[in-house]
Amino acid sequence: LLSPSADTEQLALWFDQIVAMQATDGSLPEAPESPAVRRSDIIAQALRVAVFLQRELGQPARYSQACAGFAAALIDRVSADGTLTFTPGAVAAPNIWCVMFAEQALRLHGAVLQDNALPFTAEDIV
């Protein structure tokens, strides 16, 4: 995505197909074949991709509605103690990968909303 040789127009066309699968709650299916599975890490990854694609395309509002939905879905999944599970309502322990992806994605989204520079350095994310 951030490679100098990346075809961002083609990536955006593919990503548009992913955004078309977004539910009204902002979530995405794990895959078209498993629409009921709505994983937190997938939502976070989509938010990160949307933020970077908008920047690379020079279209800062292209995915603003989708990003708002992705962010809302992630925020809704954060429990009172700050943890995040793999899927909503999961009985299993919180998932660290989901938390890391969600934090990075929400920080990127917040930077866009505040018109701050991207990408972050490692010190900004950790």
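In the predicted model, histidine 109 has a relative accessibility of 11% and therefore counts as buried, the limit being 20%. This residue belongs to helix α4. When neighbours within four places in sequence are set aside, the contacts of histidine 109 are Leu47, Val51, Cys67, Ala68 and Ala71. Among these, Leu47 and Val51 also take part in the interface of α2 with α3 on the α2 side, and Cys67 and Ala71 are listed there on the α3 side. Cys67 and Ala71 are, in addition, buried residues of α3.

Helix α3 comprises 14 residues and spans 20 Å between its first and last C-alpha, close to the 20 Å expected at 1.5 Å a residue. Its buried positions are Ala66, Cys67, Gly69, Phe70, Ala71, Ala73, Leu74 and Arg77. The elements that cover these buried residues include α1, α2 and α4.

The packing of α2 against α3 was examined next. Two packed helices are described by the angle between their axes and the distance between the axes. For α2 and α3 the angle is about 150° and the axes are 9 Å apart. Because angles over 145 degrees fall in the antiparallel class, α2 and α3 are roughly antiparallel to each other. The crossing of α2 past α3 is left-handed. On the α2 side the interface is formed by Ser40, Ile43, Ala44, Ala46, Leu47, Ala50, Val51 and Gln54, which meet Ser64, Cys67, Phe70, Ala71, Ala73, Leu74 and Arg77 of α3.

Aromatic pairing was also considered. A pair of aromatic rings is described by the distance of the centres and the angle of the planes. With a limit of 6.5 Å between ring centres, two aromatic pairs are counted. Phenylalanine 15 and tyrosine 63 form an edge-to-face pair, with 5.0 Å from centre to centre and 90° between the planes. Phenylalanine 15 is part of helix α1 (residues 8-19), whereas tyrosine 63 is in the loop between α2 (40-57) and α3 (64-77), so this pair ties together parts 48 residues apart in sequence. Both phenylalanine 15 and tyrosine 63 are buried.

Tryptophan 97 and phenylalanine 101 have ring centres 6.1 Å apart and planes at 35°, so their pair is tilted. The two residues are separated by about one helical turn, because they lie four residues apart in helix α4 (residues 96-113). Tryptophan 97 counts as exposed because its relative accessibility is 54%, whereas phenylalanine 101, at 18%, counts as buried.

Conventions. Residues numbered from 1 in each chain as written. Predicted model: local features only at pLDDT ≥ 70, side-chain atom pairs only at ≥ 80, totals over all residues. Heavy atoms only, no water. Phe/Tyr/Trp six-rings, centres within 6.5 Å; stacked < 30°, edge-to-face > 60°. Buried < 20%, exposed > 50% of the residue type's maximum accessible area, 1.4 Å probe, protein only. Expected span 1.5 Å × (residues − 1). Contact = heavy atoms within 4.5 Å. Axes fitted to C-alpha atoms, helices over the stretch in contact; angles between N-to-C directions. Parallel < 35°, antiparallel > 145°, perpendicular 65-115°, else oblique. Left-handed = near helix turned anticlockwise from the far one by under 90°.
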